[in-house]
Amino acid sequence: MKPDWTAPATRLADAEWVRARIGGAAKLYGCAAPEVLGTIWWYSLSSVLVAPAAESLVAGRPVDPSLDAMELDLVADGRFLGARSTRPLAGGLPELGAALRAALGTAIATIAAVSGARERALGAIATDSLGNRLLWTPDPERAMALAEPLVAAIDLGLPKPRFVRVGRTPAVRRASCCLIYEVGNPKCVSCPRQTPAEREARLRAALG
């Protein structure tokens, strides 16, 4: 799928732009409280926003995740198709953490301000998005080893990343809830708002 348009990630500091995008999410997910739509929207956005940083860290060639270096690809209905950095990062893990601190901190503060979603909840989603994107790299074992040092380097008060194994397959043990069930959809397979037994059974069914 090709993007219908591209936006600079600096738009995430623009309250009016973010408010309009969250409002547009109602067309996808139905009417819901602003904090619910804001949380669902951030769940989608955060996954693509952190992807270039996570993937490049595991590859050993970090790219700059600063908002002024990032571009976001969207499709006509407002969904995010992907993101990319336009420049390499000078430095390693400490510099990557500092750049993500600024980028994530700005985006989370803007979304919280316009939607009423709690910053702590949005931060937990960011941790889980980082964990998932790290696992999706070609070297998940190395990725899991990098997860906690990366979140520590971000130093934004995010919860520590957690992983579980379903058989031999690693998965994120989520600290966050995207609230998708608030708009009539089923809870995610790994949703923390279900019993541990239910979550484990659903993970085993999904991952084998």
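The largest nonpolar core in this predicted model has 46 residues. L12, W41, W42, L45, L49, L72 and L104 have the most contacts inside it. The structure holds zero disulfides. A search of the whole structure finds two aromatic pairs, and the salt bridges number 11.

**Nonpolar cores**

- Seven elements each supply at least two residues of the largest core: helices α1 (15-24), α3 (34-49), α4 (51-59), α5 (93-115), α6 (119-135) and α7 (140-154), plus strand β2 (70-74).
- Helix α5 gives the largest share of this core, with nine residues.
- Which residues does L12 contact, leaving aside neighbours within four places in sequence? They are W17, V18, W41, L45, L49, L67, L72, T106, A107 and T110.
- A second, separate core has eight residues, including V36, C178, I180 and V183.

**Cysteines**

- No disulfide is found anywhere in the structure.
- C177 is in no disulfide, and the nearest cysteine sulfur belongs to C191, 4.0 Å away.
- C177 is buried, at 13% relative accessible area.
- Why is the sulfur of C188 not bonded to that of C178? The two sulfurs are 3.7 Å apart, which is too far for a bond, because a disulfide needs the sulfur atoms within 2.5 Å.
- C178 holds the closest cysteine sulfur to that of C188.
- C188 is partly exposed, with a relative accessibility of 22%.

**Aromatic and charge-over-ring contacts**

- Of the two aromatic pairs in the structure, one joins W5 and W17.
- This pair is edge-to-face, with 6.5 Å centre to centre and 70 degrees between the planes.
- W5 lies in strand β1 (residues 5-8) and W17 in helix α1, so the pair ties together parts that are 12 residues apart in sequence.
- Buried or exposed: which word fits W17? W17 counts as buried, at 6% relative accessibility.
- Its partner W5 is partly exposed, with a relative accessible area of 32%.
- W17 is also among the residues in contact with L12.
- K187 places its charged end over the ring of Y181, 5.1 Å from the ring centre.

**Salt bridges within helices**

- E16 and R19 form a salt bridge, with their closest N and O atoms 2.6 Å apart.
- The two residues are three apart in helix α1, so about one helical turn separates E16 from R19.
- E16 is exposed at 53% relative accessibility, whereas R19 is partly exposed at 38%.
- E200 and R204 also meet through their side chains in a salt bridge, at 3.3 Å from N to O.
- These residues are four apart in helix α8 (residues 196-207), so about one helical turn lies between E200 and R204.
- E200 is partly exposed at 44% relative accessibility, and R204 is partly exposed at 42%.

**A salt bridge between strands, and a network**

- Which residue forms a salt bridge with E71? The partner is R84, with the closest N and O atoms 3.1 Å apart.
- E71 lies in strand β2 and R84 in strand β3 (residues 80-85), so this salt bridge ties together parts that are 13 residues apart in sequence.
- E71 is partly exposed, with a relative accessible area of 29%.
- R84 counts as partly exposed too, at 35% relative accessibility.
- D64, D68 and R87 are joined into one network by salt bridges that share partners.

Definitions and conventions:
Residues are numbered from 1 along each chain as its sequence is written. This is a predicted model: local features need pLDDT of at least 70, side-chain atom pairs count only at pLDDT 80 or more; totals for chains, interfaces and linings use all residues. Side-chain values use heavy atoms; hydrogens and water are left out. A nonpolar core is a set of buried Ala, Val, Leu, Ile, Met, Phe, Trp, Tyr and Cys residues joined through side-chain atoms within 4.5 Å. Buried means under 20% relative accessible area, exposed over 50%, partly exposed in between (1.4 Å probe, protein chains only). Contact means heavy atoms within 4.5 Å. Rings of Phe, Tyr and Trp (its six-membered ring) pair if their centres lie within 6.5 Å; planes under 30 degrees apart count as stacked, over 60 as edge-to-face and the rest as tilted. A charge sits over a ring if NZ of Lys or CZ of Arg is within 6 Å of the ring centre and within 35 degrees of the ring normal. A salt bridge is a side-chain nitrogen of Lys or Arg within 4 Å of a carboxyl oxygen of Asp or Glu.
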